[in-house]
Amino acid sequence: MSGDLKGKALRMLARREHSRAELARKLAAEGTREDIHAVLDQLERSGLLSDARFAETFVSSRAARVGNARLRHDLRARGIADEVIAAALPAEADSETERAREVWRRKFDAPPVDRADYARQARFLQQRGFAVDIIRKVLKEREE
């Protein structure tokens, strides 16, 4: 049974990076909890499974489209520890501001014309996980 679990886990990891929690959830129907944890421990020791590597890959694939708050939420939902998340997220506020500008530019490219339009554009950026102060900065730049 353990060999089947390891084979299935390796096939999943060959397709894309997975967090330990994701892999455990996907393998839950295949074996006992102890067998699954033993296989995951073995994969971590051999370097084939890494939450840090998963977090870095996840952030790099989505950072151009969403803000740090959304990235943090999505990583937590995938079972990544806060320390690993903090290490994987871009730290500079300037980079997040530039990402917010680019996301805004791709969607709107025209400054808000009234309060309702401002609210609509702000909601869009907020749903993408950008901080309120960054949203204000981006939309204020566009009004000037």
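Q: Where is the place of R99?
A: R99 sits in helix α7, residues 93–107. Helices are DSSP runs (H or I, at least four residues), numbered from the N terminus. The model is predicted: local features need pLDDT of at least 70, side-chain atom pairs count only at pLDDT 80 or more, and totals for chains, interfaces and linings use all residues. Residues are numbered from 1 along each chain as its sequence is written, and side-chain values use heavy atoms, with hydrogens and water left out.

Q: Which side chain of opposite charge is nearest to R99?
A: Side chains of opposite charge can pair when their charged atoms come close. A salt bridge is a side-chain nitrogen of Lys or Arg within 4 Å of a carboxyl oxygen of Asp or Glu. For R99 the nearest such side chain is E96, 4.2 Å away, and R99 has no salt bridge although it is buried. Buried means under 20% relative accessible area, exposed over 50%, and partly exposed in between (1.4 Å probe, protein chains only).

Q: What does the side chain of R99 reach, and which side chain shares a polar contact with R99?
A: A polar contact is a pair of N or O atoms within 3.5 Å; within protein, one must be able to donate a hydrogen and the other to accept it, and residues adjacent in sequence count only if both atoms are side-chain atoms. The R99 side chain reaches the backbone oxygen of V66 at 3.2 Å. With the side chain of N68, R99 makes a polar contact of 3.1 Å.

Q: How many salt bridges does a search of the whole structure find?
A: The search finds 12. One of the pairs is R76 with D82, whose closest N and O atoms are 2.8 Å apart. R76 is partly exposed at 46% relative accessible area, and D82 is partly exposed at 42%.

Q: Which residues are joined with E22 into one network?
A: Salt bridges that share partners join R16, E22 and R78. E22 pairs with R16, the closest N and O atoms being 3.5 Å apart. E22 also meets R78 in a salt bridge of 3.6 Å, N to O. This second pair links distant parts of the chain: E22 is in helix α2, and R78, 56 residues apart from it, is in the loop between α5 (68–77) and α6 (82–88).

Q: Is E22 buried or exposed?
A: E22 counts as buried because its relative accessibility is 7%. Its partners are partly exposed, R16 with 38% and R78 with 27%.

Note on methods:
Helices (H or I, at least four residues) and strands (E, at least two) are DSSP runs, numbered from the N terminus. Lys and Arg count as positive and Asp and Glu as negative; His and the chain ends are not counted.
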